[in-house]
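Here are some short exercises to work through with the model open beside you. Try each task before you read its solution.

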Amino acid sequence: MNKFKILSVAFFASASVLQAQSIDEVKKQIDAEQFQNAKTSLKSIIKSNPSEGKAYFLLGNIYLNQSVIDSAKITYDQGLKAKDDAYFNNIGLGQIDLEKNDLAAAKAKFESVKSEMRKKDFEEYVYIARAYMNNSHPDYKAALATLELAKEKNGSEPQVLLAFGDAYYGDKNQNQAFISYRNAFQADNSLLRAKVQLGVLLKGAKAYKEAVDAYNEVIALNPNYAPVYRELAETYYYWALNVPGRYDQYIKEALSYYEKYMTKTDYSLASRMRHADFLILAKDYKALEIEANKMKELDNVNPRILRYLGYAAFENGHNEDAITSLQKFIDNPENKVISLDYLYLGEAKIKKGTIDDGTAIDPVLFAEGIELIKKAVELEPSVADGLGDLGKEYYEKKMFKAAAAILEIATSYKESRTFLIDNYYLGNSIYFANAGKPVAERDTIALKKADIAYGNVLEASPETVDAYISRARTNSLLEDDQAMIKYYQEYIDHVTAKGPEELAKPNVKAKLVEAYSTMGAGYANFDKAKAIEHFNKALAIDPANQYAIQALKTLQ
């Protein structure tokens with residue numbers, strides 16, 4: 001009997017060691033971003049030992065990382081019933097509360113976890129800190145405060161140092177992030193994540209060559225470590241954006257490294273989704289469509305696949321398919337809708353409603369599209385950067401009212417790379433939409449927006465002389481003689497300052513005749529002498545100008 005007891009104790013001790021080894025292996029799989037393998041391993045552990053609460057917690061974390069919140073919650077709830085380490089699951093449930101902006105509920109769960117901790121425990125603090133960081137409303141200060149508690153328990157632990165690095169990085173304290181990552185790697189040179197993050201810091205500083213060198217050091221240590229290839233891909237992507245003339249070369253490098261990343265992971269749905277996100281960044285929509293359809297074969301019910309199908313369909317010219325996929329995704333209240341979802345759906349509706357030859361547009365679809373684009377910009381103002389290209393498409397088709405509606409949204413984002421040119425096209429779109437109309441039919445509210453748009457151009461670039469002419473014309477439509485005269489005069493002053501060679505140009509001469517003649521007509525309403533003076537100036541340039549000749553006869 002005693003022998004049996006001894007054997008039993010030995011057996012259970014052995015099983016416990018094996019279980020710990022399995023959990024450690026799963027952590028390595030998660031770190032290597034082999035999420036499907038990790039999920040399979042965790043489900044196997046749970047099936048063989050349902051009392052292992054930490055296995056439920058790690059599985060829930062994977063679901064949460066993949067934005068499958070329902071599955072995460074179910075898994076955490078099941079984990080709370082486990083015999084061992086069940087309380088870890090309250091950390092995951094607390095992160096879900098943070099996703100809902102319920103800070104009080106999250107803190108209550110985190111405090112319940114702390115009450116279960118033993119004197120030397122610190123891992124729980126690391127996971128709580130990561131819960132503060134890894135949600136849609138990250139609180140890096142709270143993460144750092146929590147990690148200070150972990151530091152009191154074991155300040156030299158590599159995982160604590162790594163988490164400090166991530167928290168400092170999120171808090172934009174690059175120096176402290178560097179120190180933490182460096183110390184984490186020095187404490188454990190198998191912790192490749194810390195060394196990769198040193199390269200990420202260089203990437204953030206736009207030191208792309210140095211970042212690539214840092215990643216290559218990681219590859220020299222372990223050529224099978226998948227995350228380093230993803231970071232290489234992203235570094236080459238940003239390098240492509242920031243180095244003129246190298247875009248095609250570096251984007252090709254970026255895509256090849258991402259393909260390598262995929263071969264080093266498990267081609268899981270999560271990895272494919274991350275790949276799809278990168279393909280959107282790299283604007284490789286043909287590849288995105290292929291990847292989205294592969295994901296659909298793996299999991300036809302995962303809602304994010306609809307997003308990728310919608311984006312790819314729009315970019316590849318299939319507007320109807322884009323609308324179907326994105327509308328279905330957005331209409332599901334369980335889905336976390338982002339600004340790009342609204343943007344793509346809005347643009348797809350506008351494109352669908354436009355007749356191919358550009359002569360007409362469906363007013364209902366256009367209005368729906370504009371409202372969706374506005375919603376996208378409300379969520380994330382920076383998505384307006386690039387809308388100017390769409391507006392210019394309609395401008396070139398002479399669909400000026402439609403162009404103006406789009407360009408007005410584009411110019412709402414002042415940090416846009418094309419802010420000035422978009423304002424210029426906005427002003428022109430409104431002007432041409434109203435030029436030639438009787439006074440009663442002119443949209444004075446829109447014309448005042450055009451005046452502001454030209455003002456934005458001239459404030460930033462006073463030498464954009466044609467903007468003075470355009471602003472003067474707009475104020476002429478508004479029947480504001482004083483403003484019209486002011487801006488024509490500013491045009492005259494600027495071109496005159498450039499000298500005789502500029503004044504001799506035929507197009508400048510034509511604009512000067514226009515300026516003097518229109519100013520003359522404006523002065524005729526309140527200063528006859530000034531009117532005569534300006535009509536004579538017009539005739540000095542173009543003696544045969546019939547409008548000026550007739551106007552002088554009337555005034556004299």
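Is Glu291 buried or exposed, judged by relative accessibility? Before solving that, note that this is a predicted model, in which local features need pLDDT of at least 70 and side-chain atom pairs count only at pLDDT 80 or more, while totals for chains, interfaces and linings use all residues. Residues are numbered from 1 along each chain as its sequence is written, and side-chain values use heavy atoms, with hydrogens and water left out.

**Exercise 1. Classify Glu291 and find its charged partner.**

Step 1: Recall the cut-offs: buried means under 20% relative accessible area, exposed over 50%, and partly exposed in between (1.4 Å probe, protein chains only).
Step 2: Glu291 has 6% relative accessibility, so it counts as buried.
Step 3: The side chain of Glu291 meets that of Arg272 in a salt bridge, 2.5 Å from N to O. The pair links distant parts of the chain, with Arg272 in helix 15 and Glu291 in helix 16, 19 residues apart.
Step 4: A salt bridge here is a side-chain nitrogen of Lys or Arg within 4 Å of a carboxyl oxygen of Asp or Glu. Helices (H or I, at least four residues) and strands (E, at least two) are DSSP runs numbered from the N terminus.
Step 5: Arg272 is buried too, because its relative accessibility is 12%.

**Exercise 2. Look at a salt bridge inside one helix.**

Step 1: Find Lys374 and Glu371, whose side chains meet in a salt bridge of 3.7 Å, N to O.
Step 2: Both residues lie in helix 20, three residues apart, which is about one turn of the helix.
Step 3: Lys374, at 37% relative accessibility, counts as partly exposed, and so does Glu371 at 48%.
Step 4: For the wider view, the structure holds 36 salt bridges. One network of them links Asp31, Glu33, Arg193, Lys203, Arg230, Glu231, Glu234 and Arg274.

**Exercise 3. Check the length and surroundings of helix 19.**

Step 1: Take the expected span as 1.5 Å times one less than the number of residues.
Step 2: For the 14 residues of helix 19 (residues 339-352) this gives 20 Å, and the end C-alpha atoms are 20 Å apart, so the two agree.
Step 3: Eleven of the 14 residues are buried, so helix 19 is largely enclosed by the rest of the structure. Among them are Tyr342, Leu343, Tyr344 and Leu345.
Step 4: The buried residues of helix 19 pack against helix 16, helix 17, helix 18, helix 20 and helix 21, where contact means heavy atoms within 4.5 Å.

**Exercise 4. Locate the largest nonpolar core.**

Step 1: A nonpolar core is a set of buried Ala, Val, Leu, Ile, Met, Phe, Trp, Tyr and Cys residues joined through side-chain atoms within 4.5 Å.
Step 2: The largest one has 179 residues, and those with the most contacts inside it are Ile91, Leu288, Leu387 and Tyr491. Helix 13 (residues 226-242) gives the most to this core, with nine residues.
Step 3: Zoom in on Leu288: leaving out residues up to four places away in sequence, Leu288 touches Ala276, Leu279, Ile280, Tyr308, Tyr311 and Ala312.

**Exercise 5. Describe Asn475.**

Step 1: Place Asn475 in helix 25 (residues 466-477).
Step 2: Asn475 counts as buried because its relative accessibility is 4%.
Step 3: Beyond residues up to four places away in sequence, Asn475 touches Asp451, Asp480, Ala483, Met484 and Tyr487.
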